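Please look over the structure shown here. The paragraphs after it go through some of its parts in turn.

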Amino acid sequence: MPSTDTRYRNRIELLQGTLDMLILRALGEEPRHGYGICQTIWSGSGEVLRVETGSLYPALHRLERNGWVSSEWKLTENNQRAKYYRLTPAGRRQLASERNRWNVLSAAISGFMSSESEAMA
Amino acid sequence: MKLRGWLWRWRRREEELDEEIRSHLEMAKQDRIARGEDPREAGYAARREFGNVDLVKEVTRDMWGWGAAERLALDVRFAGRSLRKSPGFTGTAVLSLVLGIGANTASFSVSEALLLRPLPIHEPDAVAKISVNHRRSGYEEVSYPDFLDLRARAESFSSMSAHATRRLAVARETDAIPRMLFCKIVSDGFFETMGVQPIMGRGFSREETTVPGREPVTVVSHEFWKNDLGANQDAIGMTLRVNGIPFTVVGVAPEGFTGISNLMRYAMYVPATMADRLAPRRHGTPVIQDRSEPGFDVRGRLKPGVSMAEASAEVETLGAALELAYPETNRDRAFIALSDLRNRLKDSPEVAGMVAMLMTLSFLVLVIACANVASLLLARARSRMREMAIRSAIGAGRGRLFQQLLTESLLLALCGGALGVGLASVVIRHLAAIRLPTDTPMSLATQLDGRVLLFSVVTSVLSAVFFGAIPAWKAVKPDLTPALKAGDMEMKDRVRSWGRHLLVGAQVALCLVLLVASAAMLDAFRRMLVIDPGIRTERLMMMEFDPTLARYSAEQSAEFLRQLKERIRQLPGVESAALSRAVPFRPNFNAVEVVPEGFDFAPGQTTVKLEANVVDPDYFETAGVALLRGRAFSRSDRGSSAPVVIVNEEFAKRYYPGREALGRRLRLGAQGPFAEVVGVARTGKYLSTMELPTPYLYLPFEQAPQTRMTLLVATASEPRLIVGDLFDSVHSLDENMPVFNVYDMRTYYQQGVLAPAMVVLQMVGTIGLAGLVLATVGLYGLVAYTVSRRTREIGIRMAVGAGRGRVLRLILRQGLILAGCGTLTGVALSLPVFSIMSAAFAGLGRLNPMTLVVVPLLLTGITLAACYVPALKASRIDPTRALRAE
């Protein structure tokens, strides 16, 4: 178990909109429960992105209110009741547009960052 | 239904959230176990990783997009939970507020009953009372011709009417013994002006109220209709005998309309034109044509958009015109229109004074209670600083936090308010149960009505804002970082403790003012209880007669009373008997105007108006009124002999200063005959035991005969034993003679005079005690808290070698300084407060210097005691532990 310090040092602060996008992306393949979303993002990001529960649940409930995800109670493979979230068609469209926006943004940022390093060199 | 559905959805949502989080934790734990962790450790670790469950729930809930109402419900729930978590704090705060709000609710209810409750009429605010402000003799009512002239010319009013009170003898059948009832003689337009509609029949028409003596019609009160006419649906057209004259019932007034008074309940209304047939006047002019007789209460309903000031200005102008047109009767009569409340304040300044006093005292209690709660909240805010910091770190806005804390205060105040109203309702019921010993249907109608409840709710909410706002603001304001880092902010502590010291000082000062005021009131009422009323109160029976009710003429009445008295004197067990017009402590409306010979009047004044009694020769002996000089009236003071009067000592002192009053003369009436002063009686109490010495006159019954008289009977033993004999004597003379107000003097005095004083005494005493308890609790809490804040400092002091005694002295000295400053401020404040009080309340007398010694000593003692316990605790601190504590 990492000490509090390293945990905080390794944490990457997520922009508010980015968290929504990550959640939508995590739900892209199949419906998941909250814990599953955490795990998916954690493992899918090469164990870099840890979503705090204090941010995850408010975000999930907000997305549900916006109509991008819907929820239902189901049993897990371990026979435990859990609330599963799934993407709605509106959520899929939202994911697509977020992905586009992210692609443009990240290309712009990385382009800018690399040009700066060249200039420096 | 809608609310229940909403509650159900809310419940389900909460449960789902709970389960969602539980399942998250369970899955995290299972994962850890699967990775080989110890099951128990895994549970803890999952929980640790998850973070603060309550907080996560709360921020998630915020996403549900609640409306304002839901957010409020959440806040209330949250507040309720957090108050339940600290029962000590909640209990102390609520108890303080119960006392504060309870005292105010009870006092307000009394004030309502005595003074403030609006008249039971339609839109009472729009009704003006028109009266005469006589430039020399003060306020008086309006004469009927003046009223008619005003009404004909005034344009500010949509309707105007006059009415006057009469005691009338009412019977259903010719042979029945009539009952004496309070009734109103009214002009036309009376019901229109009051804005009430008879529930059956009609009001009076113009024709019925213009020609004198023609129309014997009456509108009866709802109460009379229910109790005396058996709620008969065919009541209209029934005949009632009023002073022997058959009257036809033409209408029934609505329930709750008690006729322009909150205290009295009038039985029926008859046209003012009937006044002279009901009671013929000696000098012939009918009362409704007599401009010199200002006997009518005139009210006008303002036209929409007309202000009271405009109406008053118009009435004043019209009055000036009347003064020019009728100089003989209207000289110095200025007219004025007042709101009903202003009119009441003017009519009974001593009641207004008492009301102001009660309200001020209870307000002080409330302020002390609020100060208590505020200081508790401040202390609590400190210990919750970290909680606030976390909540705001995860994104709760300052506004939200402030809202939540204020909701908490509001919840406290409403709890306190609800219980306070409960407390007050006990007091109110107790007060309403007091019955004054008189046949007049009146009582202190305290009740817990809508206005009183509204007052308590408003008081609660305002106190919540008052005690809650600053602590809440302070709680959400601090910078987050140092608070999260834990530990005290030594720098700010100095500033903070200043605030606390100020609070302690202010509380001592306020409490001192409250106690001085209560002590002065208590002293005044105590004096009132032991005061000598100047009349015999033991073994004295009284019963009242008015033979004209049995259709006796004035001469027959006097003869009947004389015979009755002789007969009763012969009864065994009777020591003496006497006739008296007035009964002490009851207004007898027997004002006379006199001109004491040789008295230098102030410019413009020519007569003295004062209360007089009409008594027979045995009065002074029977009633135990001491004659200081001269003689009582005698059998030789007859109608045909020279007029004589007896004055009281105050009269002698005031109008014959420096000279012997005996043998001097005074004129009865401005131009009346001279009467010689034959005796000087001791000054007693006439209307209230609180009154200042008042000049008073006695006239002999034979020279100023009256038909309504009270027979006083002094007995050798328990007076109630002879009541049966008294009634036998009355009925042996006339079987149908009505008798009323039969009381023994001791009961009358205790219930009618002392009991109301005792009520006020108890209320003031209780309020003072409540204030003292509150201030003590508050002081103790504050001082104890201040000391606990200094634990660290004390630890250091002791670590560097300060002995226990020194620490004790240090803290006690601080307490003493605070108490001293507070006491001095309090004394400085209570002097002006007292002078305001004694201006409002004549019976208060002078401030007892002992009060100013005892009360400050008491308070200082309490403050020191409040310091001592925490100081003792502090001096036992183990230095090492104290230093580690924070």
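In this predicted model, helix H5(B) and helix H16(B) make a right-handed crossing. H5 spans residues 87–116 of chain B and H16 spans residues 450–476 of chain B; their axes come within 10 Å and cross at roughly 145°. On the H5(B) side, the residues that take part are B:Leu97, B:Gly100, B:Ile101, B:Asn104, B:Thr105, B:Phe108, B:Ser109 and B:Glu112. They meet B:Arg451, B:Val452, B:Phe455, B:Ser456, B:Thr459, B:Ser460 and B:Ser463 in H16(B). By type, the residues of this contact between H5(B) and H16(B) are five nonpolar, eight polar and two charged.

These two helices belong to a chain with many elements to follow. The secondary structure of chain B comes to 27 helices and 22 strands. Of the 886 residues in chain B, 40% are buried. Contacts in chain B between residues at least 6 apart in sequence can also be sorted by separation: 81% of them join residues at least 24 apart.

One strand of chain B shows what burial looks like at the level of a single element. Strand E10(B) covers residues 297–302, and six of its six residues are buried, so the strand is largely enclosed by the rest of the structure. Which residues cover each face of E10(B)? On one side are B:Asp297, B:Arg299 and B:Arg301, on the other B:Val298, B:Gly300 and B:Leu302, and all of these are buried. E10(B) is also paired with other strands. Strand E1(B), residues 127–134, runs antiparallel to E10(B) and is joined to it by four bridges. Within that pairing, B:Ala128 has B:Gly300 as its bridge partner. Strand E3(B), residues 157–171, is likewise antiparallel to E10(B), with six bridges between them. There B:Ser159 stands opposite B:Arg301.

Strand E8(B), residues 245–252, is another place to follow pairing. Strand E5(B), residues 200–201, is joined to E8(B) by two bridges and runs antiparallel to it. The bridge partner of B:Gly201 in E8(B) is B:Gly251. Strand E6(B), residues 217–220, pairs with E8(B) in the parallel sense over four bridges. In this pairing B:Val219 stands opposite B:Gly251. Strand E7(B), residues 239–242, pairs with E8(B) in the antiparallel sense, again over four bridges. B:Thr239 of E7(B) stands opposite B:Thr248 in E8(B). E7(B) and E8(B) form a hairpin with two residues between them, and B:Asn243 in the turn has a positive phi of about 45°.

Further along chain B is helix H24(B), residues 791–799, in which B:Ile794, B:Gly795 and B:Met798 are buried. These three cover an arc of only 105° around the axis, which puts them on the same side of H24(B). An α-helix has 3.6 residues a turn, so residues three or four places apart point the same way. After H24(B) comes B:Gly801, whose phi is positive, near 110°.

Now turn to where the chains meet. Chain B gives 20 residues to the contact and chain A gives 16 residues. On the chain B side, the elements that give two or more residues are helix H1(B), 2–34, and helix H3(B), 53–61. H1(B) supplies the largest share of that side, nine residues. The residues on the chain B side divide into nine nonpolar, six polar and five charged.

Chain A has a sheet of its own. Three of its strands form an open, antiparallel sheet in the order E1-E3-E2. Strand E1(A), 32–33, and strand E2(A), 69–75, stand at the edges with a single partner strand each, so one side of each is left without a neighbour in the sheet. E1(A) is paired with strand E3(A), residues 81–87, in the antiparallel sense over two bridges. In this pairing the bridge partner of A:His33 is A:Tyr84.

A last residue of chain A is A:Thr18, found in helix H2(A), residues 16–26. Is A:Thr18 buried or partly exposed? A residue counts as buried if 20 or more other C-beta atoms lie within 10 Å of its own. A:Thr18 has 15 other C-beta atoms within 10 Å, and is therefore partly exposed. Its C-alpha atom and that of A:Arg99 are separated by 9.9 Å, although the two residues are 81 residues apart along the chain.

Definitions and conventions: Residues numbered from 1 in each chain as written. Chains lettered and ligands numbered in written order. Predicted model: local features only at pLDDT ≥ 70, side-chain atom pairs only at ≥ 80, totals over all residues. Axes fitted to C-alpha atoms, helices over the stretch in contact; angles between N-to-C directions. Left-handed = near helix turned anticlockwise from the far one by under 90°. Contact = placed C-beta atoms within 7 Å. Nonpolar A, V, L, I, M, F, W, Y, C, P; charged D, E, K, R; others polar. Buried ≥ 20, exposed ≤ 12 C-beta atoms within 10 Å, placed from the backbone. Pairing = 2+ DSSP bridges. Arc of directions from axis to C-beta.
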